[in-house]
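The following account leads the reader through the structure shown below, from the chain as a whole to individual helices and strands.

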Amino acid sequence: MDTSRATTVESASRLVGRSAALATTGAALADAVAGAGGLMLVAGEPGIGKSAVLTEQTRLAVAAGVLVLRGVGWEGAGAPPYWLWTQVLRGLPGDVPGGPATPFDRAPIRSGAETAEARFRLFDTVRARFAAAGPLLVVLDDLQWADDESLRLLEFLRRGLAAERVLLLGAYRDGDAGPVLSGLAGSAPVVPLVGLDVAGVTALMAAVAGRLPDADLAAAVHRRCGGNPFFVRELTRLMVARGTWSVAGATGSRALPDGVRDTLRMRLARLSQACVGLLEVAAVAASDVAPVLLREVGPEDADTIAELLEEAGRARVLTMTDNGWRFSHDLYRETVLAQVSAARRAALHGAVGRALQVLSAGGTDPAAVGGAARLAAHFVAAGSATADDALRWSVRAAHEATARLGHDDAARHYTTALGLLRDVAADPADRVELLLGLAAARDRAGDPDATREAYLRAAALARRSSDPAALGEAALGIAALGSRSGTADPVGVGLLEETAELLATGQHDALRSRVLAELSRALRHGGSEPDPQRAVSAADEAVALARAAADPAALAHALLARHDVVWAAGAAAMRLPVLVEMAAAAREAGNDDLVAEAVLLRAGALIEQGDPAGAVELARYTRLADRLGHARGRWGALSRRATLAQLSGQIDEAVAASTEALRLGEAIGLPDRMGVFATLRASLAAIGGELPSLSDLMPAADPLWPAYPLLQAFGHVYGHELDDAARAIRGFSVSAVPEQYDLEFVAIAAVAFAAVGSTAQREWCYDALVPHAGLHVVVGGCAAYHGAVDHHLGMLAAALGRTADARDRLSAAVTLHDRLGAAAWADLSRSALASLAQSNPSSHVFRLVGGMWRLSFEGREVHLPDAKGLRDIATLLAVPDQPVHVHVLLGHEGPATGADPVLDRRAVAEFRARLGELDAEIEDASRCHDAHRAGQARGERDALLSELQAASGLGGRTRRLGDETERARKTVTARIRDTLRRIAKVHPELAEHLSVAVHTGTTCCYAPAERHRWHL
C-alpha cells in the first residue's frame, strides 16, 4: 500500500483535498448500482492518498448496503498467479453461486495441447460470479504489483461487467505501471491524484499535530513535500517528535522527495539493533510479518519476538492488522532492505527459504501467498549456494502456475529453471524437458511465436542428444500450433520428416505414427506440395504403424490423415468409411475431440452428396462440440450453427452465430478463425446476406491473394454492381482460381463468370463443374454452403445461350435443394427458371416466384425476399390508375364505414377454422421434413393471427373500423415506403419510378405518367 494504515484519529486527515476524487468515485458507484458497471482507476505517486480514497469509498459503500470485496497487489516475487483475485473471491458470501471457493483454488493442471481457451473459460467464470453478487464494489489496491494475468482478467471484467451492477475500483502508482497496466489505464476512466495545495497541507498538518501551523511553516512544508500527503504526515510527525515546530525545523534536512528516505531512516535509527535485525528478516521474507517465520530465522524466543514487534509498532514502522503485523508503508520495507548488504541479503533469503521448507513440511506455512513460487524466489535470490533448491522449486512453481492457469508465470519459472541449469550438473535431457515445458506454457499463454522458438530449441538439443522421442514431441508441438489452410511450413515439415526417419527403429511405433500422420496432413494442406503421393504414403504408413502398436489414439490421428489425403470434390463415398473407423478409434481412445471431428467431416461428406442426414449430423456435431468443455469446441459449435442456419435460409441467425464465433476465435487465437468467418459470410450473399468488406477479410499476405479479383467480382455481382464486377475480372486468368479439396472457388467463379465473364471463362468453369453434377458445394468441414453444382451449371449455361441445358440444370437444382432442405437456394433456382421462361425482355416483371420476388424494369432484373410492402405494390400495379383502400391492402373486403366491427362473427369463425387447418399442415410438413411447405403454412398462419389481433381491442372486445382507418393508413404507407427503400438499394431506377407513380393515403394508387406493361 502507498500510505500507512493510520489510526482512527487520523482517518479524517486522509481525505483532505480529496472531495472531488471521492465525488467521482461515488458517482461511478451510483451508476454501477443502477446497472452501468465498469472500471475506474485512481492513480498517483506513492503516498498521494490513493488508498485513502479507496478506504473512504469502501466505508460509504458499506453504509449504503453495497457488498465490498478487496484485493491487494503483491510486490515481491513468489505470489501465485491471480493472487489479487484469489483475495477478492474469497470474500464472496456463501450464498453467491460459486462462493466462497475460488476457481483458482481448484483449477486442474492442463495438458500440453491446451491453449488460451482455459484462461478464457476461467475469466468468464469470475465474471459470472461477480455479476451474480451485485450490487458490488470490488476494491483493488496496488495494481502496479499485480501479475499480468490478473490485469488481463481485470480488462476482461471491465468489458464483461459493463451492463452489470458491479464497480471495479482500483488504485496504482502511475510511475510503476507496466505495459499491461498502462494499456488498461488507457481504456478506463482514471482519477489522477496530485499534491495538496497550501490550504490542504495546512489542514493535514493540523490534523496530524493537533495544532495549526502558521502560513510560513505550511508554505515551507508544501514546498518541501510537493503536497504529497504521506511526506507531509511523516515530516510533521518528525517535527513534533523533535520539538522543531518551525520553518527551520521543516527545512533543516535535505529536500524532498529524496529527503523522505532520511525521514524513514531516522525513524528506524530510533529502534534497537535487535529490532532492526528482526525487521531485516521480515523485509526479506514479505511485507506481512509472520512471527512463526521470524522464530525459525531470528530469535527463537516468542516473547522476545513479540516485544520487538511491539517496539516497531510503537515507532509506526509496523502496524497491526487483522492477520498480524505488516510494514506501515512499503517505503519502510524498501528503506530497511536498502540498508542490508548484498551478502547478508542473500544469506537471509537462503535462511528464509529453508525456514519455509521446514514450516511447509510441518503443514504450517505462515504465508498463504506463495507455495513453491515463494520458495523458488528466495532460493534464487540466495545465489549459487542454493542452486539445487532453486531449480527444484522453480520447476514445482511452474507446475503450480499451470494448475492455476497462470501460464505466463509458468513460462517465467521455466525460464528461471533453464538459467539455473548452468549452475547445476544436469543431464541434457533435463534441459530438453524444461524447454518442452516452457513451450507448452507459452502455447497456453497464447504466444505462438515464443512457443515455436522454444520447441525449435528443444528440437535442436534433442537432436544433439540423440533423443528421437523428445524430438518427436517438439515436432508434434510445432505441428499443433496450426496455420491457415493453404500456407506451408517448410521448417515444421522438415522437422516431422527428420523425426519420422529417426523413429524408424521399431521402438516408438505409436509416436512415429503420430508424426507421420501430422506430416501427411501438413503436406496435404500446405498448398505447395509437388508430389501428392508423399502425403498418401505417409498416411498409409501411419495407419499401419498405429494398427501394429494397437494404439487407438494414434490410429484415430492416422485415419484423420488418410481421410485428408483422399479429400477431394466428389470423393465423399471414399471418405465416409474412413470416418466411421476414425470415430470408433477415437471413442476407444476416449478422445472426444476426435470423435466430434469425425462427425463434422461425415456431415460434410453427406451434405456434398445431397443426403438430408448431413444436416442432422451437423446438428449433432454442434451438440458434441458444446459438450467438449473448452473454448475451441464452443467456437466449432458456433461456426457450424451458422452453416446450419444458412442451409435453412435463416440469414440473421447465421450472421449472429458467425460473428460470435469470430469474436471467440480471436479471443483464443485460432489461426483459421477469419477464413471460416469469411467463407460463411461470402456464401450468405447468394441468399440475401450482406457481404463484408473484402479488405477486412483478406490481407495482401493471404495465400489466396491471387484470387482477389475474382472475389471482388463476386461481391460486386451480389451488390448489383455489374460494371465494377466486369472491370474486376477483365483479363483475369482462370489459372489463378485456387485448386482446393472442395469446389468453393469454382462456385465463386461460376457466379462471377455467369454474370460478367467472357465466353472462355464461362466454358472453363462449366467444364470444371460438370463432372460434379448432382453434388453440392460444401466448404471444408462444413464451414459454408454454396448450393448445388447444378445451379451453377444452369446459370453458366444460360449465360452461354444454352437455354435447354440451363432449364434442365436448374430444374435438377430445384430438386436437389428441396431434398437437402436448402429452401433459400431452391427459391434461387426456381427464380432463375422463371427468368428463362420470360420471352419478352422489354416487358416489366413484378412477380412472386417460389417465395422470392422477381423484379425486372428497364432491362435490369433483381430478386428480393417476400415482404408485405411488395405485395401492396403488386396489388396497385394490377389496377393502374384505380384507388385501393388501405383496408383492402390489409386484407379486408372493403373500406371501413361507421363503427362496424372489423370482423363479424362468421369471419372470426372462418379465421379460427383455417388456423386449425394450418396447424395440422405445419405438423405434417415438419414430420415429412418439408421445410418449404411448413414455411408457407407458418406465413399464412402468422398473417391470420395478425388480422385477428388487429380486430380485437382491450380485453378482447371487438375493434371498430372507424377507429382503425388512420392506423391502417399509417401502416400501409410505412411498409410501402420501407419497401421502396429496399428496392432502391438493388434497383434505383425501379425505385425512382415507383416513388413517383405510387401515391399513398387512405386510398392508394399506381398512376404512372406513361403506361407500362407489367407481368404480375
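**A guided reading of the model**

This is a predicted model, and its confidence deserves attention before its details. The average pLDDT of the chain is 83, and 87% of the residues score at least 70. Two stretches call for caution. Over residues 1-13 the pLDDT stays under 50, and the model gives this stretch 40 contacts beyond four places in sequence. Residues 253-257 also have a pLDDT below 50, with eleven contacts beyond near neighbours in sequence.

The chain contains 46 helices and 17 strands. Of its 1016 residues, 51% are buried. Among contacts between residues at least 6 apart in sequence, 67% join residues at least 24 apart.

An open sheet provides a starting point. It consists of five strands in the order S2-S3-S4-S1-S5, with parallel pairing. Strand S2 (67-72) and strand S5 (190-192) are the edge strands, each of which pairs on one side only. On average, neighbouring strands of this sheet are turned by 15° against each other, direction ignored. At the S5 edge, strand S1 (residues 38-44) runs parallel to S5 and is joined to S5 by three bridges. Leu41 has Val190 of S5 as its bridge partner.

Two helices accompany this sheet. Helix H1 (residues 19-33) lies across S1, strand S3 (136-141), strand S4 (166-173) and S5, and runs at about 150° to S4. Helix H2 (residues 50-63) also packs on the sheet, where it touches S1, S2, S3 and S4; the direction of H2 makes about 160° with that of S3.

Further along the chain, attention turns to a series of helices. In helix H18 (387-403), the end C-alpha atoms are 24 Å apart, which agrees with the 24 Å that 17 residues should span at 1.5 Å a residue. The buried residues of H18 include Trp393 and Leu391, together with several alanines, among them Ala387, Ala390, Ala397 and Ala398. The cover over the buried residues of H18 includes helix H16 (342-361), H17, H19 and H20. After H18 comes Leu405, which has a positive phi near 65°.

Helix H19 (residues 407-420) has 14 residues and reaches 20 Å from its first C-alpha to its last, close to the 20 Å expected at 1.5 Å a residue. Is H19 enclosed by the rest of the structure or not? Ten of its 14 residues are buried, so H19 is largely enclosed by the rest of the structure. Among these buried residues are His407, Asp409, His413 and Tyr414, as well as Leu418 and Leu420. They pack against helix H17 (372-381), H18, helix H20 (428-444) and H21.

Helix H23 (residues 490-502) has 13 residues, and the distance from its first C-alpha to its last is 18 Å, close to the 18 Å expected at 1.5 Å a residue. Its buried residues are Gly492, Val493, Leu495, Leu496, Thr499 and Ala500. Where do these residues sit around the helix axis? They cover an arc of only 160°, which places them on the same side of H23. Exposed residues Pro490 and Glu501 lie on the face of H23 turned away from that buried side. Helix H21 (448-464), helix H22 (468-480) and helix H24 (509-525) are among the elements that cover the buried residues of H23.

The last part of this reading concerns strand pairing in the antiparallel sense. In general, strands of a sheet pair through backbone hydrogen bonds, either parallel or antiparallel. Strand S11 (residues 844-849) pairs with S12 in the antiparallel sense over five bridges, and Phe846 has Leu855 of S12 as its bridge partner. S12 also pairs with strand S13 (residues 860-865) in the antiparallel sense, over six bridges. Here the bridge partner of Trp853 is Leu864 in S13.

Why is S12 described as largely enclosed by the rest of the structure? Six of the six residues of strand S12 (residues 852-857) are buried, and S12 is therefore largely enclosed. The burial extends to both directions in which its residues point: Met852, Arg854 and Ser856 point one way, Trp853, Leu855 and Phe857 point the other way, and all are buried.

Key:
Residues are numbered from 1 along each chain as its sequence is written. This is a predicted model: local features need pLDDT of at least 70, side-chain atom pairs count only at pLDDT 80 or more; totals for chains, interfaces and linings use all residues. Side-chain values use heavy atoms; hydrogens and water are left out. Buried means under 20% relative accessible area, exposed over 50%, partly exposed in between (1.4 Å probe, protein chains only). Helices (H or I, at least four residues) and strands (E, at least two) are DSSP runs, numbered from the N terminus. Two strands pair if DSSP finds at least two bridges between them. Axes are lines fitted to C-alpha atoms, for helices over the stretch in contact, and angles run from 0 to 180 degrees between N-to-C directions. Contact means heavy atoms within 4.5 Å. The expected span of a helix is 1.5 Å times one less than its number of residues. The arc is that of the directions from the helix axis to the C-beta atoms. pLDDT is the predictor's confidence in each residue, from 0 to 100.
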